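User: I should like to learn how to read helix burial, helix packing and the relation between chain copies in a structural model. Could we take these topics in turn?

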There are 2 protein chains.
Amino acid sequence: MLRTHTCGELTINDLNKDVTLTGWVQKSRDLGGMTFVDMRDRYGITQLTFNSDDNAELRAQARELGREFVIRVAGKVIERSNKNLKMNTGEIEIKVAKLELLNAAKLPPFLIEDETDGGDDLRLKYRYLDLRRNPVRNNLVLRHKMAQEVRKYLDGLDFIEVETPVLIKSTPEGARDFVVPSRMNPGEFYALPQSPQTFKQLLMVSGFDRYFQIVKCFRDEDLRADRQPEFTQIDCEMAFIEQEDILNVFEGLIRQLFKNVKGVELAEVPRMQYADAMRLYGSDKPDTRFDMQFVELNDIVKGVGFPVFDSAELVIGINAKGCAEYTRKQIDELTDFIKRPQIGATGLIYLRHGADGSLKSSVDKFYNEDELKKWSAAFNTEPGDLILIMAGQTDKVRKQLSELRLEMGNRLGLRDKNVYAPLWVLDFPLLEWDEESQRYHAMHHPFTSPKPEDIAMLDTNPGQVRANAYDMVVNGTEVGGGSIRIHDRDLQSLMFKHLGFTVEEAQKQFGFLLDAFEYGAPPHGGIAFGFDRLVSIFAGLDSIRDVIAFPKNNSGRDVMIDSPSTIADEQLKELKIKTTV
Amino acid sequence: MLRTHTCGELTINDLNKDVTLTGWVQKSRDLGGMTFVDMRDRYGITQLTFNSDDNAELRAQARELGREFVIRVAGKVIERSNKNLKMNTGEIEIKVAKLELLNAAKLPPFLIEDETDGGDDLRLKYRYLDLRRNPVRNNLVLRHKMAQEVRKYLDGLDFIEVETPVLIKSTPEGARDFVVPSRMNPGEFYALPQSPQTFKQLLMVSGFDRYFQIVKCFRDEDLRADRQPEFTQIDCEMAFIEQEDILNVFEGLIRQLFKNVKGVELAEVPRMQYADAMRLYGSDKPDTRFDMQFVELNDIVKGVGFPVFDSAELVIGINAKGCAEYTRKQIDELTDFIKRPQIGATGLIYLRHGADGSLKSSVDKFYNEDELKKWSAAFNTEPGDLILIMAGQTDKVRKQLSELRLEMGNRLGLRDKNVYAPLWVLDFPLLEWDEESQRYHAMHHPFTSPKPEDIAMLDTNPGQVRANAYDMVVNGTEVGGGSIRIHDRDLQSLMFKHLGFTVEEAQKQFGFLLDAFEYGAPPHGGIAFGFDRLVSIFAGLDSIRDVIAFPKNNSGRDVMIDSPSTIADEQLKELKIKTTV
């Protein structure tokens with residue numbers, strides 16, 4: 001090695017050692033006849049000193065060093081006069097005897113410090129420089145640790161990591177596929193997997209029993225703020241199990257990750273029915289770091305002559321504790337918030353439970369004090385509370401109030417990034433109606449098993465059929481989801497029928513799986529965690545982009561390498577394709 | 001769990017336990033009033049017994065079970081009368097009290113036994129059944145263990161696993177890329193990586209210092225017997241190192257793998273110059289499980305009037321020890337072997353050193369006994385040896401004799417799959433001349449550093465420039481290769497120039513890397529191991545196909561899922577491409 005030590009390891013215990021270090025010039029400063037250089041590598045920062053009295057030439061050399069120059073120094077570890085006890089290496093410095101320039105550096109386009117002055121676009125273009133910054137690098141180190149920990153846990157439970165293919169077959173279900181033209185099979189295409197779903201099920205048919213894979217998956221979707229065309233899943237499957245087994249094994253995984261990576265001991269993960277999550281939080285991924293559950297008011301508020309409530313399918317509200325003193329302006333802000341197009345509500349009703357015990361609503365014209373007391377009782381308010389109420393069509397108003405609830409959580413400081421509230425949401429609907437295609441879609445995917453007791457409803461009331469499907473939610477974010485799968489050819493065929501496949505289409509697309517179910521398929525089920533998302537939660541970040549080494553921008557471009565790009569005509573010709581742009 | 005134990009764990013120590021097992025019916029047989037069923041899962045086989053005297057109905061149920069039916073049984077562990085001490089579970093059986101059919105099975109298209117009657121094509125089509133067979137499953141279990149061990153070793157040395165992108169940019173160097181049309185950027189394409197080469201170098205520029213990744217790579221090449229369009233690399237890179245550091249770290253990896261996975265303690269890995277490997281074995285990946293080095297005979301055999309030798313650039317031979325008694329027929333076989341089109345030699349000369357001490361050659365017409373004694377001395381033959389000699393153009397004849405050497409190794413049983421001979425081959429040429437394009441190509445890749453002392457020759461004698469490049473060879477197979485990289489913009493630009501790039505082309509394709517080298521790039525280098533190949537060697541297999549869960553056939557097809565396939569016109573339209581088949 002070109003070094004004897006890293007820049008993060010020398011301490012007061014190493015005094016007088018002769019050492020050789022390598023790294024980058026973080027910064028340097030002159031002070032009298034001395035030059036001090038902070039040298040950085042992945043492991044830390046060590047201070048170097050050059051003294052004109054000792055070696056004027058060497059010091060002159062040191063003064064030439066610019067930021068981000070790559071250097072190698074040999075010298076002696078000495079005690080520092082001006083100690084920095086915040087740093088591992090803060091009590092020592094290196095009295096340099098020899099300085100070697102390994103590579104010079106142009107002035108970087110932005111500051112390589114924890115707080116940088118570079119904008120998003122610039123930092124993506126020079127991602128290799130952004131990755132030098134501690135916060136960004138630390139995210140990837142965290143990611144590595146989490147991956148190692150996942151593998152340790154699953155390997156310890158006899159799970160086997162099996163690599164499934166990346167060049168697979170395009171299927172019409174789910175999101176849009178990325179496709180890959182085949183040169184050897186002209187006119188035909190591979191697809192990149194949206195998940196290894198069918199392969200992991202086949203591994204269960206093969207008797208592998210306990211499979212996992214940390215694996216890249218691909219979706220050609222229009223990229224919203226926090227989507228990436230390629231993302232990573234912790235993909236898992238087990239055979240000879242029931243839902244309860246999956247929940248236990250993977251609750252164990254999450255708990256071990258929190259414990260060994262974050263040092264956080266989680267309590268048992270609570271479980272909630274999908275229907276309850278929607279009723280109490282208006283969301284299938286409630287943020288349960290705070291309570292503020294929905295209260296339904298139809299029985300109390302209707303029939304008094306207030307047309308907004310009388311005409312609404314559902315009237316619901318939340319209790320914003322301690323907010324009775326909100327000003328008119330603050331209430332207006334909340335109203336504006338829920339009226340934003342992406343939420344689309346029409347109005348907000350409130351009831352203040354004053355510190356003096358008074359009840360004052362924005363609809364006093366319609367409701368007298370006795371009636372408002374019923375409201376207060378329904379929410380169990382205390383003096384100082386503010387009830388916020390919305391009305392409308394059930395699904396819509398729940399979603400709208402869910403947004404308001406989260407906003408109130410933010411305003412009240414109830415969504416601390418260092419508090420973790422995991423939750424299982426269970427018993428998702430099997431199907432959801434799609435207005436555009438006027439047919440049912442699989443809510444999870446077509447291989448999810450309906451609850452046996454609901455199968456009969458598939459013909460009569462498909463929207464009510466519940467699935468053996470479950471999501472793991474942490475702090476209001478879905479981090480994983482899975483289901484018990486169908487392992488019976490007839491039931492799988494029935495599912496395809498309900499999803500609008502003809503028998504021929506089902507056989508063409510998924511014949512291999514239907515066939516496999518006839519050769520001894522065991523009961524099985526599994527789960528997949530969004531690894532990028534999970535890491536971002538552990539890192540306390542809102543975006544997955546910062547836990548990905550080389551992310552793409554919102555147009556799916558890698559602006560660093562300038563990809564995608566045009567390719568040579570020769571390549572197109574060999575592939576027997578033409579672009580029609 | 002649906003089971004209390006697996007089919008591999010119950011022994012005589014579990015007598016009288018009440019257990020529940022799940023698995024597949026391996027086979028069953030009737031004997032008097034009894035039915036015996038071998039039940040199999042991933043962990044082993046356990047015998048079940050059903051007795052008409054105890055429960056006639058249950059036994060009748062058992063007699064209905066076919067091969068590969070999936071069942072669940074509850075019963076008691078009892079001692080077996082007819083013990084099978086070869087199996088873990090061979091001293092016990094389960095006296096079944098309850099039998100549940102979890103899934104029936106059609107008769108499989110081939111025997112699911114260690115030795116099967118299924119042909120290659122059938123087994124690929126029903127890969128999920130082939131994966132049930134012990135030898136195939138064991139390969140994947142081995143693969144999992146090796147991957148875990150690789151990660152353990154590298155993590156222990158502070159390497160960080162970083163995921164690099166799969167959707168990257170097509171480059172003209174190297175093999176043909178698979179490309180992916182971009183819907184969001186019409187007319188443009190991503191490429192799938194042939195290796196994460198430039199990204200891992202950028203990670204070094206970022207200061208990551210020690211990177212690895214077990215990663216899928218892709219090459220759209222015509223598939224020879226043992227190539228796959230997608231394959232897996234153990235990809236590694238280090239900064240602030242010299243070649244010696246890489247060799248030491250990764251020799252350590254290989255030794256730890258052999259020790260912890262195979263229980264084999266390797267000696268120190270020998271090192272050989274590329275030039276010596278070519279001279280002594282005619283190959284840059286010599287099988288050093290056996291010696292049989294080439295002996296060069298130009299000085300001894302020329303000038304006596306034998307036109308084949310006189311006109312040849314190089315006359316070389318090997319000593320096949322103990323083969324002096326080869327019959328005419330055996331010699332003819334060898335001659336036929338080297339005359340096969342894929343080897344293309346024209347003839348074979350031999351010299352027998354008889355048990356009686358006599359020397360008898362196939363060219364006695366030209367060489368007298370004194371001269372043959374010189375031959376014998378050059379090879380240091382003993383009575384009983386057979387010298388095999390070939391002549392021709394240096395590069396060609398070396399390759400040809402290399403094939404003959406391996407064939408002789410096979411015939412003499414010198415290539416035992418349970419013996420492991422690893423080897424470092426060092427100092428590869430930087431460039432190789434390509435006849436077709438009439439220019440030099442990078443032998444390793446364009447980022448490989450020339451040896452500093454050879455850089456001057458780049459202009460005068462490019463073919464003689466040696467690279468800081470190295471291969472790890474095991475038993476005649478290249479399992480890994482790498483190099484010290486260029487980290488200087490000017491030298492990298494010079495390399496691109498010598499590879500026929502214009503300045504503009506270099507900037508368009510690799511500008512991001514050239515730019516990165518100007519912002520403080522440290523000295524760095526790395527290596528990549530072919531993981532499939534490495535696993536196949538550990539498994540004692542000739543093909544990588546059997547260590548891949550779902551391989552493609554020689555036309556790049558997955559015959560199980562029937563991929564690649566045509567895609568919908570709607571998809572092509574969205575991607576703005578047309579097929580021209």
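Analyst: Let us begin with burial, noting that this is a predicted model. A residue counts as buried when its relative accessible area is under 20%. In helix H16 (residues 531–538) of chain A, 8 of the 8 residues are buried, so this helix is largely enclosed by the rest of the structure.

User: Which residues of H16(A) are buried?

Analyst: They are Phe531(A), Asp532(A), Arg533(A), Leu534(A), Val535(A), Ser536(A), Ile537(A) and Phe538(A). Just after H16(A), the backbone at Gly540(A) adopts a positive phi of about 70°.

User: At what angle do H14(A) and H15(A) pack?

Analyst: In general, the packing of two helices is described by the angle between their axes and by the distance between those axes. Here helix H14 (residues 489–498) and helix H15 (residues 503–516), both of chain A, pack at about 160° with axes 11 Å apart. H14(A) and H15(A) are therefore roughly antiparallel. The residues in contact are Arg489(A), Gln492(A), Ser493(A) and Phe496(A) from H14(A), and Ala506(A), Gln507(A), Phe510(A), Leu514(A) and Asp515(A) from H15(A). By class, this contact comprises 4 nonpolar, 3 polar and 2 charged residues.

User: What is the handedness of the crossing of H14(A) and H15(A)?

Analyst: H14(A) passes H15(A) in a right-handed crossing.

User: How is chain B laid on chain A?

Analyst: Two copies of a chain are related by a rotation about an axis and a shift along it. A turn of 180° with a shift of 0.0 Å along the axis lays chain B on chain A with an RMSD of 0.1 Å. The two copies are thus related as by a two-fold rotation axis.

User: Through what surface do the copies meet?

Analyst: Of the interface residues of chain B, 100% are also interface residues in chain A, so the copies meet through the same surface.

Key:
Residues are numbered from 1 along each chain as its sequence is written. Chains are lettered from A and ligands numbered from 1 in the order in which they are written. This is a predicted model: local features need pLDDT of at least 70, side-chain atom pairs count only at pLDDT 80 or more; totals for chains, interfaces and linings use all residues. Side-chain values use heavy atoms; hydrogens and water are left out. Axes are lines fitted to C-alpha atoms, for helices over the stretch in contact, and angles run from 0 to 180 degrees between N-to-C directions. Helices (H or I, at least four residues) and strands (E, at least two) are DSSP runs, numbered from the N terminus. Angles under 35 degrees count as roughly parallel, over 145 as roughly antiparallel, 65 to 115 as roughly perpendicular and the rest as oblique. A crossing is left-handed if the near helix is turned anticlockwise from the far one by less than a right angle, and right-handed if clockwise. Contact means heavy atoms within 4.5 Å. Ala, Val, Leu, Ile, Met, Phe, Trp, Tyr, Cys and Pro count as nonpolar, Asp, Glu, Lys and Arg as charged, and the others, Gly among them, as polar. Buried means under 20% relative accessible area, exposed over 50%, partly exposed in between (1.4 Å probe, protein chains only). Copies are superposed by least squares on the C-alpha atoms of residues with pLDDT of at least 70 in both.
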